[in-house]
Amino acid sequence: MMEKGLLVVISGPSGAGKGTVYQKVIERTGMMRSVSVTTRKPRPGEIDGVNYFFKTEEQYQQMIAAGEFLETAEVYKNYYGTPKAPVYENLDKGNDVLFEVDVHGARSIKKQYPEAITVFLMTPDFETLSERLRGRGTESEESLKTRLGAAKRELGKYEMFDYIVFNDTVEQAVEDVTDIIRAEKRRIKNNLSVIKKLLEQ
Ligand code: ADP
Ligand code: 5GP
């Protein structure tokens with residue numbers, strides 16, 4: 001018997017640095033990324049099965065009906081969801097899987113898979129969050145206000161998270177997330193088959 005892999009979720013408000021930290025943690029640890037399913041059309045250069053699994057709305061609805069998603073959301077009139085099967089296959093093979101999702105997504109994943117390890121990524125303060133969102137240049141003033149308001153409500157959901165990491169420097173935040181993963185892998189409950197095997201010798 002092999003130990004199951006860990007399912008780790010990086011979540012937090014828009015602008016906290018999820019995408020930035022996620023990419024670095026993947027590079028450093030070689031963890032598997034979860035490929036989402038979407039009904040939006042592929043952008044130039046996007047590859048089916050790599051960036052997303054691209055589906056029609058009808059196919060997507062069939063997947064919902066068949067209970068094939070860990071979580072699903074409607075974003076800007078398109079559907080996005082995390083398919084269960086590839087994630088569970090990886091976990092069963094002992095591979096660790098890393099997710100980057102918003103706070104709603106993190107809640108849905110934890111509900112479906114309570115062993116998930118959830119990390120709330122946050123800037124050291126709200127001013128920094130505002131500066132980084134502005135610096136990214138992707139948001140209008142209006143959308144910035146909406147996102148800052150949402151950030152406070154999202155932090156208010158702290159009880160559903162296992163860990164909080166403050167993204168002061170990217171290096172430190174990546175170090176913190178990898179430390180968490182390393183410690184989780186050393187938990188007794190994540191090493192039972194190895195321990196039992198040793199005891200049998
Ligand atoms: P999210 O995915 O949570 O919305 P991003 O990864 O897009 O956040 O980060 C938001 C912006 O902040 C980006 O412009 C990114 O380059 C920048 N950023 C992320 N982490 C840091 C950091 N530690 N220090 C300075 N800038 C950062
Ligand atoms: P884009 O169309 O630009 O690739 O993504 C649009 C939005 O959908 C982003 O905010 C992204 O985080 C979100 N998204 C992508 N995949 C998923 C998913 O599987 N589940 C959820 N809940 N959101 C997703």
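## Ligand 2 and its pocket

Let's start with the neighbours of ligand 2: S36, R40, R43, Y52, E71, A73, V75, Y80, G81 and T82 surround it. Keep in mind that this is a predicted model. The space that ligand 2 takes up is the largest pocket, so named on the basis of a grid laid over the protein atoms alone.

**Polar contacts of ligand 2**

- R40 has a polar side-chain atom 2.6 Å from an oxygen atom of ligand 2.
- The side chain of Y52 places an N or O atom 2.5 Å from an oxygen atom of ligand 2.
- For Y80, an N or O atom of the side chain is 2.4 Å from an oxygen atom of ligand 2.
- On its own, ligand 2 exposes 520 Å², and the protein buries 70% of that.

**The shell around ligand 2**

- Two elements, β5 (69-75) and β6 (78-83), each give two or more residues to this shell.
- Sorted by class, the shell holds four nonpolar, three polar and three charged residues.

**The largest pocket**

- Its volume is about 1800 Å³.
- The largest pocket is lined by 50 residues, and K18, Y52, E100, V101 and D102 are the closest to its centre.
- Y52 therefore appears twice in this picture, in the shell of ligand 2 and among the residues closest to the pocket centre.
- At least two lining residues come from each of α1 (18-29), β5, β6, β7 (97-100), α4 (103-112), α5 (126-136) and α6 (141-155).
- The most come from α6, which gives six residues.
- By class, the lining has 17 nonpolar, 18 polar and 15 charged residues.

Definitions and conventions: Residues numbered from 1 in each chain as written. Chains lettered and ligands numbered in written order. Predicted model: local features only at pLDDT ≥ 70, side-chain atom pairs only at ≥ 80, totals over all residues. Heavy atoms only, no water. Near = heavy atom within 4 Å. Polar contact = N/O pair within 3.5 Å; in protein donor to acceptor, adjacent residues only side chain to side chain. Areas by Shrake-Rupley, 256 points an atom, 1.4 Å probe, with all protein chains shown as cover. 1 Å grid on protein atoms, 1.4 Å probe; cavity = no way out; pocket = protein on both sides within 12 Å on 5 of 7 lines; lining within 4 Å. Sits in = over half its atoms within 2 Å of the grid points. Helix = DSSP H or I, 4+ residues; strand = E, 2+ residues; numbered from the N terminus. Nonpolar A, V, L, I, M, F, W, Y, C, P; charged D, E, K, R; others polar. Points joined across faces, edges and corners; volume = space filled by probe spheres on them.
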